[in-house]
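Here are my notes for anyone opening this one for the first time. Have a look at the picture, then work through the points.

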Amino acid sequence: MPHLELADVSATYGAHRVLDGVSLALERGEIMGLIGPSGSGKSTILRVLVGLLKPTAGEVRIDGKAIDYGRAVDVASARDRCAIVFQQYNLFQNMTALDNVTIAPIKIKKRPRGDAVAEASALLAKVGLGNKLASYPDELSGGQQQRVAIARALALKPEILLLDEVTAALDPELVSEVLDSIRVLAHEGMTMLVVSHEMGFIREVASRVAFIADGRIIEMGTPAQIFDAPREQRTAEFVSKILRH
Amino acid sequence: MWQRFAAELPEFFGYYNLIFLAKAALTTIALSAIGALTGSVVGFAAAVVRMTRAPLLAPLRWLTVLLIEIFRRIPFLVTLMLVFFVFQLSGFDLSMFTVALVAVFLIASSYLAEIIRAGFDSVHRNQWDAAAAMNFSLPATIRYVVLPQAWRVILPPAFGFFILFIKNTALASQIGVIELTYAGKVLNNKGFSAALVFGTLLIIYFLISYPLALSGARLEKRLAASRTR
């Protein structure tokens, strides 16, 4: 049984259809890369998975159990199991790095403060920010903020990590520090859905890659197949453009 | 003129007049304070209701928006008269102070609801999204994430409104509430010169509103310097 499964999922923003019958499945511990042009629906898939957008059709299943988006308890359960790292970090601006990481474990998951702080400190150290616990988001570089966001997502102890173009808003020299943090997680066997334009990174960490355009999965396969021998014309054009760039 | 002033002063500041003015000032302060406090609480609740998305709460949302839009658009005096006549027609035997209190409460709630909503809206959408994705409920999102960031946007217009509000309570004199302006009219009708009477009122209104303006400015400064958590 797949760990995470989308079956014929469609979604709209107002009258605009952004996902059109998307189906994919991830086994436990699998890392899948989602690639495609801007506006193709990659990030929307992640937003659907954490209940920020309700699908208009299809089903999302975690461990075979379908999420009923009309039931708050189902959405809460999905959010409990999936954590998302946003492209723009979305750190709480009124909190320090440590508070950003501990707020949900303490206030939402009701973990003891001492445990949450110790765990958050360890997570921040793991992403190389052990000396930035008391820094506010606007005192951190983009790369540092993104790593705090990763630590914040991990503090929720998710089964599935969703990464939404986590390096897109970063200066090139900051990209590697974020990718290094994700590599560590990849080696730990976490199920991950990774939206990225970093083709080298996707090729390195993902076991499968899905190319998405116009809200549909055009092609899915191993990184070698998608990047070196795409079957679809649109995939080939996109990959060649990105690799040339 | 100064001679007349000097001659009036001892009688004007006589014991009974001072008690009369003090009671009127207390009425003004009570109207303003109770109106502002209840208005803040209900205005906050109304702003929160407007942020909800649950279909079940839709009728409550529409009613809230309707009331806010109505009472923000009609003058205070009209609201006062409306409340006065509604109570009169419904046969409730309420004091004029209570009628004025209901009117100031309606006005304060609707204005503060909008000020607080604007503060909520000033917090970037991505902060709401991040909180929702981490399973924060709406109250938890507002308490831990939105309000600490929205205070800086809410406080300046809120304090501006409170000061305007103190002045607006003068209209309660129209239905016979003995607040400061009413007391001024009574003393003026007793024969004291308008300059002395209303000059005194000016000072009392200033003494009531200036500390409020000062504490507002101090609070804004404190929030700007330290990050509220």
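Which residue stands opposite Leu34(A) in β8(A)? Keep that in mind for point 2.

1. First, some ground rules. This is a predicted model, where local features need pLDDT of at least 70, side-chain atom pairs count only at pLDDT 80 or more, and totals for chains, interfaces and linings use all residues. Residues are numbered from 1 along each chain as its sequence is written, while chains are lettered from A and ligands numbered from 1 in the order in which they are written.

2. Now the answer: the partner of Leu34(A) is Val195(A). The two strands involved, β3 (residues 31–35) and β8 (residues 191–195) of chain A, run parallel over 4 bridges. Strands here are DSSP E runs of at least two residues, helices are H or I runs of at least four, and both are numbered from the N terminus. Two strands pair if DSSP finds at least two bridges between them.

3. Zooming out, that pair belongs to an open sheet of 6 strands in chain A, ordered β6-β7-β8-β3-β9-β10, with mixed pairing. At the edges sit β6 (82–85) and β10 (216–221) of chain A, each pairing on one side only. From one strand to the next, the twist averages 20 degrees. Helix α5(A) packs on this sheet, touching β6 and β7 (160–164) of chain A, and its direction makes about 175 degrees with that of β6(A). Angles run from 0 to 180 degrees between N-to-C directions, using lines fitted to C-alpha atoms, for helices over the stretch in contact. Contact means C-beta atoms, placed from the backbone, within 7 Å.

4. Staying with α5(A), 13 of its 14 residues are buried, so this helix is largely enclosed by the rest of the structure. Buried means 20 or more other C-beta atoms within 10 Å of the residue's own, with C-beta atoms placed from the backbone. After α5(A) comes Lys157(A), with a positive phi near 50 degrees.

5. Helix α1 (residues 42–49) of chain A is mostly covered too, with 8 of its 8 residues buried. Among them are Lys42(A) and Arg47(A). Gly51(A) follows α1(A) and has a positive phi, near 75 degrees.

6. As for the partner chain, 20 residues of chain A are in contact with 17 residues of chain B. On that side of chain A, α3(A) gives the most, with 5 residues.

7. Lastly, confidence: chain A averages a pLDDT (the predictor's confidence in each residue, from 0 to 100) of 91. Among its elements, α6 (residues 172–187) has the lowest mean, 78, and α3(A) the highest, 96.

Methods:
Contact = placed C-beta atoms within 7 Å. Buried ≥ 20, exposed ≤ 12 C-beta atoms within 10 Å, placed from the backbone.
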